[in-house]
Amino acid sequence: MIDPSNYTFGLPIAASTYASKVDKSLDIVHAAMAVIFVAWTIFFIIALIKFRSGAMPKANYAASKGGLASFLPDAAVLLFEIWLIFVVGLPIYAEIKENIPAAENATVVNMVSEQFAWTFQYAGADGVFGDLDPKLMNANNQLGLDRTHPSAKDDIVSINELHAPLGKPVILYMSSKDVIHSFFVPEFRVKQDVVPGMRIPLWFDALKTGRYEIGCAQLCGLGHYRMRGEVVIETPEEHAAWLEACRLEQLGTPS
Amino acid sequence: MSHAAAPKTTTGIPNGKLGMWIFLASEIMLFGSLISSYIVLAMGSPTFGRPDTALLGKPLATINTFVLITSSVTMVMALASIQRNNVKALLGWMGATSFLGLGFLGIKAFEYHHKIAEGITITSSLFGSFYYTLTGLHGLHMLGGLAFNAYIAIKAMRGAYSADHYERVEYAALYWHFVDLVWVILFPLFYLV
Amino acid sequence: MTNHDTHELPFWRKYIFSLDHKVIGLQYLFTAMVFLLIGFAFVIIMRWQLAYPGTKIPLIGGWLGDSFAPGGIMLPEFYNQLGAMHGTIMVFLGIVPLGVGFYGNYFLPLQIGAPDMAFPRLNLASYWLYLPGGLLMLSSFMMPGGAAQSGWTSYPPLSVIAPSGQTMWLLSMVVIITSSLLGSINFIVTTINMRAPGLTWFRLPIFVWSQFITAILLLFAFPVLEGGALLQLLDRVIHTSFYLPAGLVISGVQMTNGGGGSALLYQHLFWFLAHPEVYVLILPAMGVVAEIIATNTRKPLFGYKTVVAAIIFLGALSFVVWAHHMFLSGMKTSLARIFMTTTMVISLPSVAILSCLVFSLWGSSIRFSVPMMFALAFLPLFGIGGLTGLPLGLLPTDIYLHDTYYVIGHFHYVVVTGTLVALMGGIYYWFPKMFGRRMNEGWGKVHFWGTVITMNGIFFPMFIQGMAGVQRRLYDFNAQAHNLLTTTAPAIGKMSLSELQYICAIALLIFQIPFLINIFYSLFKGPKTEENPWKATTLEWDCPSPPPHGNFTHELKVVRGPYEYSVPGDKTDWSPQSEGGR
């Protein structure tokens with residue numbers, strides 16, 4: 001069960017390492033928007049009152065001439081945006097989308113999305129992911145794994161639940177079987193379109209254990225609204241236990 | 001239906017001429033979007049499926065290119081004729097232009113037939129898809145050009161044009177040259193690169 | 001002044017297949033209004049489902065049939081169809097035909113002192129492609145599987161595997177695009193070549209500049225979507241793979257197409273049009289607002305040359321920002337960085353234009369006529385729309401906000417509380433010109449307040465929902481935990497935000513009734529007006545109201561700029577553009 005206190009009448013809790021940075025940039029931008037809007041509106045209202053025809057029967061022709069002062073709003077916005085791009089935007093974007101952590105220190109999971117489920121593939125003891133063959137895909141074999149192949153023999157498949165231990169980042173390699181979906185976990189402030197024919201990485205590092213909602217953020221058909229899953233961040237012990245239980249169930253053998 | 005001197009325009013350029021140039025600008029964007037799509041996928045797709053050079057039919061396509069370029073030359077002659085008030089020559093050169101245009105389309109049809117026999121169809125590979133789509137669209141534009149030429153010819157036979165009044169002939173020529181130019185870009189794109 | 005003799009034209013040549021830009025303009029006006037109402041009706045039904053998910057749609061539920069709403073309860077497929085069609089109709093069949101087809105057609109020739117458009121027959125063709133194209137689009141509901149249901153954006157592979165309504169969508173788009181291209185050619189040639197003597201470029205009203213640049217945007221951008229739509233049509237109908245990789249498995253069935261294609265290619269082609277398209281949506285409205293403000297402030301617009309430069313710059317830049325719609329698409333991150341930068345830059349000309357319009361109020365003498373109220377409301381409301389574009393254009397914030405309700409709030413603020421509000425104001429403003437009668441002021445104010453307040457009630461909550469992470473295009477909010485608080489859970493007393501939005505949507509519809517009655521009543525029974533009741537300076541007021549065929553009954557000679565109001569030393573507070581104008 002997802003803890004309903006994850007969600008507020010505004011942003012959800014910030015449950016990943018970079019979530020608070022995204023929140024900070026949201027705050028900065030909205031603060032700037034508020035300042036601009038309030039300043040404009042005050043000017044606007046003063047003008048409406050001061051220059052209503054009752055108070056100002058004849059307009060001042062010369063007031064239509066600009067002067068350098070009229071470029072101040074633009075200049076201010078330009079400077080602000082330059083700062084925003086280079087100090088806020090690019091660095092945080094780089095952290096989230098470009099600086100994927102090293103695989104050795106992460107939980108690496110493959111994901112294949114389809115209408116309307118998220119299927120996660122764990123590499124198993126050999127650390128190698130089995131190949132996915134579209135020709136083998138069916139309702140019982142979502143990923144099209146050839147279980148006779150050595151690398152696929154020990155793989156673990158989880159549908160709609162991404163389990164990971166706390167303390168290590170998770171790296172997801174994502175693709176889609178059919179149409180474009182979008183993997184979105186509001187609490188982690190992470191989102192990425194999942195495109196058939198492409199294999200796109202996504203990473204996050206959760207701050208605390210718990211369950212977090214996965215939603216689909218790209219219209220994918222009639223089940224788009226119910227294409228949900230959960231990220232389960234658990235202690236390393238719980239995670240090991242879960243993997244063990246999956247091995248027993250799916251592979252028929254313990255480790 | 002001849003009318004008095006064309007209405008005065010702010011720039012001095014007749015409305016029709018300006019209109020034709022602007023129309024051609026939109027056509028550049030249409031072909032441009034398809035050509036850039038071709039280039040992007042040709043460079044980036046894992047399975048573009050460009051056939052062996054031997055199967056492309058370069059010699060025939062080269063001849064065809066010359067046919068079309070020649071038709072542009074005859075079109076220039078057609079326009080020059082009416083600028084010198086020679087309606088008969090206009091009709092002659094216009095006829096030659098359309099004849100060459102039809103020739104181009106005929107050779108193209110033969111090319112298509114040959115390629116299909118070789119297994120290069122619109123769905124056999126991305127190359128095939130783009131080849132037939134782009135040359136097909138070009139061919140449709142040529143049909144439009146032939147229709148425009150026919151209209152000019154009929155009007156010319158009815159005495160609509162003279163050295164003082166030949167604007168639409170110029171627009172037909174402009175359009176024809178443009179369609180020729182598109183082929184001059186498609187030819188190296190498909191056959192030579 | 002007249003080009004053709006219309007004295008004895010039969011009804012169908014005078015009103016149905018007219019060559020007169022004014023008649024064609026009115027055809028666009030009434031047709032666009034009908035499409036806007038249809039698009040609005042669609043979203044009201046959607047709003048019911050969102051407020052009361054899985055319940056029977058009131059009144060019309062039983063009429064919808066089992067393929068759309070068995071037992072009167074909307075199916076998810078139908079929701080997606082309504083959504084895709086709502087967007088498509090509002091943008092391509094509603095707002096652009098209103099802002100460009102009606103406003104441009106009717107007032108561009110008048111404001112430049114021309115007797116008609118450069119190519120009247122092309123103009124006729126434009127309208128008679130628009131209407132059938134629109135009807136074709138609507139008829140897609142009757143196709144097996146229903147109408148287009150892949151969003152107005154129609155991304156493959158979803159749009160390629162979608163039912164046949166999508167093919168109709170693509171064919172209709174080709175027809176509609178052709179209509180638009182013919183119109184663009186007409187507008188551009190007319191503006192360049194048919195200006196009255198003395199009407200130099202920098203004496204043109206801002207409305208003309210906005211229509212001119214809009215036409216250029218449409219001319220260069222639409223063909224790219226036409227190409228993209230053609231490729232999608234081929235993927236659907238003859239199974240090419242322009243947009244489809246190999247190895248697709250749809251509901252357990254392997255697709256046998258050749259593969260090798262790219263789903264992202266379509267997105268690039270689509271957004272190459274669709275970004276300039278949003279400036280097509282806003283520029284005519286800015287032009288209308290400029291005219292209304294100049295006339296109702298009795299002084300020239302502030303920073304005329306700046307506004308013109310900004311409009312041109314905005315138009316040019318609009319071609320290099322498109323991929324900000326694709327930040328999360330999987331395209332290369334280096335591309336994303338480039339587009340973020342260009343996107344930040346494009347906010348500057350928008351800020352310039354809005355600032356100049358607001359500064360125009362300073363030192364003015366403001367008449368609070370009904371059109372002016374709409375023009376004034378446009379300013380802060382479009383401001384909200386424009387400002388909320390900022391977090392969407394910035395990469396890290398867009399990661400969170402992309403494809404949430406924040407985006408929906410953003411673009412509805414710009415297009416509905418922005419553009420549509422401005423265009424409504426323009427109808428009040430130019431009604432006397434078109435029909436020689438005035439609309440009722442009192443009912444105009446009722447329409448104004450009701451409209452502006454209810455619009456905010458619908459769209460403002462969307463920012464809250466977006467911040468909570470509520471995704472777009474969801475048939476039922478209740479299926480996901482993170483959506484509940486800001487959608488279906490009680491928020492204001494017992495009322496949820498979705499309920500508030502539904503109620504405001506119904507109220508907004510109701511408040512359009514006085515508007516419609518006002519228009520149609522005043523058309524026949526409104527108080528007759530003089531030629532130039534607002535005492536405005538631009539050329540369209542220098543001819544009879546309504547203008548006859550051929551428009552102007554005397555020679556025009558433009559001797560001054562478009563907004564010479566309250567010129568010091570003048571006897572009256574307005575100097576018409578043309579010498580000897582009244």
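## A tour of chains A and C

Six residues of domain 1 of chain A are in contact with six residues of domain 2 of chain A. This is a predicted model, and the contacts between these two domains are the starting point. To see them, select residues 19-97 of chain A, which the domain assignment gives as domain 1, and colour them apart from residues 103-251, given as domain 2. Then place a marker at the C-alpha centre of each domain: the two centres of chain A lie 43 Å apart.

Next, hide chain A and select chain C. In cartoon view, chain C shows 16 helices and four strands. Its radius of gyration is 24 Å, close to the 25 Å that the globule rule gives for 582 residues, so chain C is as compact as a globular protein of that length. Reduce chain C to its C-alpha trace and align the view with the principal axes; the spans along them are about 80 × 55 × 50 Å.

Now colour chain C by relative accessible area. Of its 582 residues, 71% count as buried. A contact map of chain C adds the sequence view: among contacts between residues at least 6 apart in sequence, 77% join residues at least 24 apart.

Switch to the surface of chain C. About 17,400 Å² is exposed, and 70% of that area is supplied by carbon and sulfur atoms.

For the last stop, select the charged side chains of chain C. How far apart are the mean positions of the positive and negative charges? The 29 positive charges and the 24 negative charges of chain C have mean positions 4 Å apart.

Technical notes
Residues numbered from 1 in each chain as written. Chains lettered and ligands numbered in written order. Heavy atoms only, no water. Helix = DSSP H or I, 4+ residues; strand = E, 2+ residues; numbered from the N terminus. Rg over C-alpha atoms; globule rule 2.2 N^0.38 Å. Buried < 20%, exposed > 50% of the residue type's maximum accessible area, 1.4 Å probe, protein only. Contact = heavy atoms within 4.5 Å. Areas by Shrake-Rupley, 256 points an atom, 1.4 Å probe, with all protein chains shown as cover. Lys, Arg positive; Asp, Glu negative; His and termini not counted. Charge placed at Lys NZ, Arg CZ, Asp CG, Glu CD. Domains from an automatic or database assignment.
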